Amino acid sequence: MKTNEMIKEVAERATDIIAVEGKKVSMKDVTAILQAYSECVIQNLVENKEEKIPLYGIGNFTAKHVGAKDGVSAINGKAWHKDAEYQLKFTIKKSVKTLA
């Protein structure tokens, strides 16, 4: 599924859920909401690495610490180093792990 198709489907389903006469959720509304959500997830995890940010009904975003690494290139024999960092991690809820 492409991004535009997904946004269109979310807009249609949200319109059905709201079910207010004459009120439609536009693709522009959905795009703005998804953009705001992704910015919120990243900003909150940058500020607090211990926080869990839920994605309703699917799982949680967290920050995962990855330690520093050193090694030697198998190609040219030069030493390399990568600093420790935090990476975005998503954990799926057990209830939706298997699709039926």
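This is a short tour of selected strands and lysines in a predicted model.

Start with the hairpin. Select residues 53–55, which are strand S1, and residues 59–66, which are strand S2. The two strands run antiparallel and are joined by three bridges. For one cross-strand position, show Leu55, which stands opposite Gly59 in S2. Three residues lie between the strands of this hairpin. With the turn in view, pick Gly57, where phi is positive, near 80°.

Stay on S2 and add strand S5, residues 85–92. S2 and S5 also run antiparallel, with eight bridges joining them. Select Phe61 and then Phe90 in S5: these two residues are bridge partners.

Next, turn to the surface and select Lys52, Lys64, Lys69 and Lys89, which together form a positive patch. Which strand holds Lys69? Lys69 belongs to strand S3, residues 69–72. Its relative accessible area is 43%, so Lys69 counts as partly exposed, a class that lies between the cut-offs of 20% and 50%.

Last, move to Lys97, in the segment that follows strand S5. Is Lys97 buried or exposed? Lys97 is exposed, because its relative accessible area is 58% and the cut-off for exposed is over 50%. To finish, draw a distance from the C-alpha of Lys97 to the C-alpha of Lys49: the separation in space is 25 Å. Along the sequence, Lys97 and Lys49 are 48 residues apart.

Conventions
Residues are numbered from 1 along each chain as its sequence is written. This is a predicted model: local features need pLDDT of at least 70, side-chain atom pairs count only at pLDDT 80 or more; totals for chains, interfaces and linings use all residues. Side-chain values use heavy atoms; hydrogens and water are left out. Helices (H or I, at least four residues) and strands (E, at least two) are DSSP runs, numbered from the N terminus. Buried means under 20% relative accessible area, exposed over 50%, partly exposed in between (1.4 Å probe, protein chains only). Patches are made of residues with over 30% relative accessible area and no salt bridge: like charges are joined within 9 Å, nonpolar side chains (Val, Leu, Ile, Met, Phe, Trp, Tyr) within 5 Å. Accessible areas come from the Shrake-Rupley method with a 1.4 Å probe; for residues, only the protein chains shown count as cover. A salt bridge is a side-chain nitrogen of Lys or Arg within 4 Å of a carboxyl oxygen of Asp or Glu. Lys and Arg count as positive and Asp and Glu as negative; His and the chain ends are not counted. The place of a charge is taken as NZ of Lys, CZ of Arg, CG of Asp or CD of Glu. Two strands pair if DSSP finds at least two bridges between them.
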